[in-house]
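Reader: I'm new to this one, and I'd like to get a feel for the inside of a single chain. Could you pick a stretch there and walk me through which residues meet which?

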Amino acid sequence: MNWMIAGPEIFYFAASLWFLLLTFTAQPKPAQNGGRRREYLTAIFLASLGILVCLASVHAQGWLFTRGFSVDFFSQVFKTLLSLGLFLIVCICGQINDIEDRRHNEFYFLLFTCTLALMLLVSADHLLSIYVSLELSSYSLYILVALRKKRGQGLEAGIKYFLIGSFASAVMLFGMALLYSSAGTAYLPEMAKVLPGMMASPAVVTGLLFTLGGFFFKLAVFPFHFWAPDTYQGASNQVAAYIATASKVAGIAIILRVVASAGQGSTYLVHVLVILSVVSMTLGNLAAMVQKDMKRLLAFSTVAHSGYVLIGILVLDAAGYSATIFYALALLAMKFTAFMVVVELTPDGRNLQIEELAGLHRRSPLMALALLVALFSLAGIPPTIGFTGKFLIFTAAIQKGYVALVIIAMVNVVISLYYYLLVIKAAYLLEPAEALPPLVVSFPKKLLAGLSIAVIVVAGFFPWWLIQIAQAAAQPLMLGR
Amino acid sequence: MIAPFRDILLLAATLFALGAFCAVVRRNLIMIVLGIEIMLNAAAIVFVGASLHLNNLDGQTFVLFILAVAATEVSVGLAIIVYAFRRTGSFDPRHFNLLR
């Protein structure tokens, strides 16, 4: 067995072990900045090293654990995205005030464990490895959400997240049991050979839909989206950012893998996915319009975006898959930039209300610009990465003849523009009741904001390189299936 | 094998429905977690039955993992629920309505 192909996983396992050791040995220190700084720098160092490890193993290929864990370009691209997501989130954890100081090691431990689990998830090729890695990532997130110091909110968000999450995973497990009993195997590649001929059997269709239910929970698609707004609002800003970026990216990856291998040739599945996609985006966009809390608004916009992602998946061909992979990258960049502004505006870790954005363009022009670019990109205004992603998904869908679906999605994009513009109006046109002092942004944060803006805009102008990567990453989904 | 696979599926589906009903209807956090556990066990029954039916050991392995994961789920869930009970003094999910 060639263990080197599991390099990223081994690295993140070691990193999380390191933080676990620190939780045992570190003395509970009163709020003093020295200790916190050290943990933060360790985490940044390990996370940036993780990106290098992922990049080094990006062309690895092979199988481990009797083919339960398969490494191909698809999984490696997603692992690199995940490591990038973790690094970005750790970068904005410098002043995480709403988690107790003595819990910081545990916070990073859970963050790294969750990333490890998500990496295992994007490589999982057997129902059992999918189940175990999905649960590992969920449990880390339940605790991360409940860690928030503001007692009532973090606790309530944690309870809701836990109850809905474990319900969804029970549903998923029952679906997996049905799939296993009908297909006679639990390996996704072997299922792909058997299942297309059995799509008329109710057990297979129910099993597939139930299984996807567990992944829809991760992605916050319609019937399993109830946790998203409450959890985003109740979790600390950094954890909400992590759920919105890395966790979503891995959710997209696993849905792609399962649908690509098990869902070919099923009209039922496509019909259900169309309905879920339409309901998700409409409901998400309509609910987002009336939100006052910035994180709740972003949560509903996530629900809407998972609707767009489903369009790319239900196309069931290479163009759709590569568009979805590109969109995952776009979501990572846009959502992170939006959350970075939220974190930067609330150094004490409170929830940001939209009216608090008033006068932002004067308090910190760079942050206002970052917010503007991120929201324009989320809405899909042309020279941004979000526009390119939506464009690719919609063209893939039109080529397959889903014209009505694309028109509904376009209408939704227009609806979403309304609430994104409300936020931008608050940041640029409204003045606060009393003048607020200018926002002090440290140099690394300025650099981060500038880089995020640059990535969103430049990738909007010159997306070819990224599109080629996405197409190459979609190849393993088509071959040998 | 004595019982036909169809009957096993029927038993598991009934258990699953009962568990889901319990998780959705009961107004007590502990009972909700209990309902979810019953749903997991329903899935385990399908795995064992299918494993015997297909002469394939993957299903049995799955059940061992389900037992372990269910134990983890209970420990994480109960930790959060005990914490909640200390805060609010109640197991009623209706007392958690801060977020809206």
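Author: What follows is a walk through one part of chain A, beginning at a loop and ending with the charged pairs.

Before we start, this is a predicted model, in which local features need pLDDT of at least 70 and side-chain atom pairs need pLDDT 80 or more, while totals for chains, interfaces and linings use all residues; side-chain values use heavy atoms, with hydrogens and water left out. Residues are numbered from 1 along each chain as its sequence is written, and chains are lettered from A and ligands numbered from 1 in the order in which they are written.

Let's begin at A220(A). You'll find A220(A) in the loop between helices α8 (202-219) and α9 (227-234) of chain A (helices are DSSP runs of H or I with at least four residues, strands are runs of E with at least two, and numbering goes from the N terminus). A220(A) isn't a glycine, and yet its phi is positive, at about 60°. Its relative accessibility is 0%, so A220(A) counts as buried (buried is under 20% relative accessible area, exposed over 50% and partly exposed in between, with a 1.4 Å probe and protein chains only).

L316(A) does something you'll now recognise: no glycine there either, but a positive phi of about 60°. L316(A) is in the loop between α12 (294-314) and α13 (318-345) of chain A, and with a relative accessible area of 13%, L316(A) is buried too.

Now back to the part around α8 and α9, and over to S280(A). S280(A) belongs to helix α11 (residues 267-288) of chain A, and at 0% relative accessibility S280(A) is buried. A polar atom of the S280(A) side chain lies 2.9 Å from the backbone nitrogen of F222(A); that is a polar contact (N or O atoms within 3.5 Å, where within protein one can donate a hydrogen and the other accept it, and residues adjacent in sequence count only if both atoms are side-chain atoms). Setting aside neighbours within four places in sequence, S280(A) is in contact with V221(A), F222(A), V303(A), A304(A) and G307(A) (contact here means heavy atoms within 4.5 Å).

Next come the rings. Over all chains, the structure has 25 aromatic pairs. Take W227(A) and Y232(A): their ring centres are 6.4 Å apart and their planes sit at 55°, so this pair is tilted (rings of Phe, Tyr and Trp, the last by its six-membered ring, pair if their centres lie within 6.5 Å; planes under 30 degrees apart are stacked, over 60 edge-to-face and the rest tilted). W227(A) is buried at 1% relative accessibility, and Y232(A) is buried as well, at 0%. Both belong to one aromatic cluster, together with Y139(A), Y142(A), Y161(A), F162(A), F217(A) and F339(A).

The charged pairs come last. There are 11 salt bridges over all chains (a side-chain nitrogen of Lys or Arg within 4 Å of a carboxyl oxygen of Asp or Glu), and across the interface of chain B and chain A the count is 0. One salt bridge joins the side chains of R296(A) and D230(A), at 3.0 Å from N to O. That pair links distant parts of the chain, with R296(A) in helix α12 and D230(A) in helix α9, 66 residues apart. R296(A) is buried at 9% relative accessibility, and D230(A) is buried at 12%.

For contrast, look at E431(A) and R362(A), a salt bridge whose closest N and O atoms are 3.4 Å apart. E431(A) is in the loop between α17 (403-428) and α18 (443-461), and R362(A) is in helix α14 (residues 360-363), so this pair ties together parts 69 residues apart in sequence. Here E431(A) is partly exposed, at 43%, while R362(A) is exposed, at 58%. As for D230(A) and R296(A), they also belong to a wider group: salt bridges that share partners join them with E156(A) and K160(A) into one network.

One more pair to find is R103(A) with E106(A), where the closest N and O atoms of the salt bridge are 3.5 Å apart. R103(A) is partly exposed at 24% relative accessibility, and so is E106(A) at 28%.
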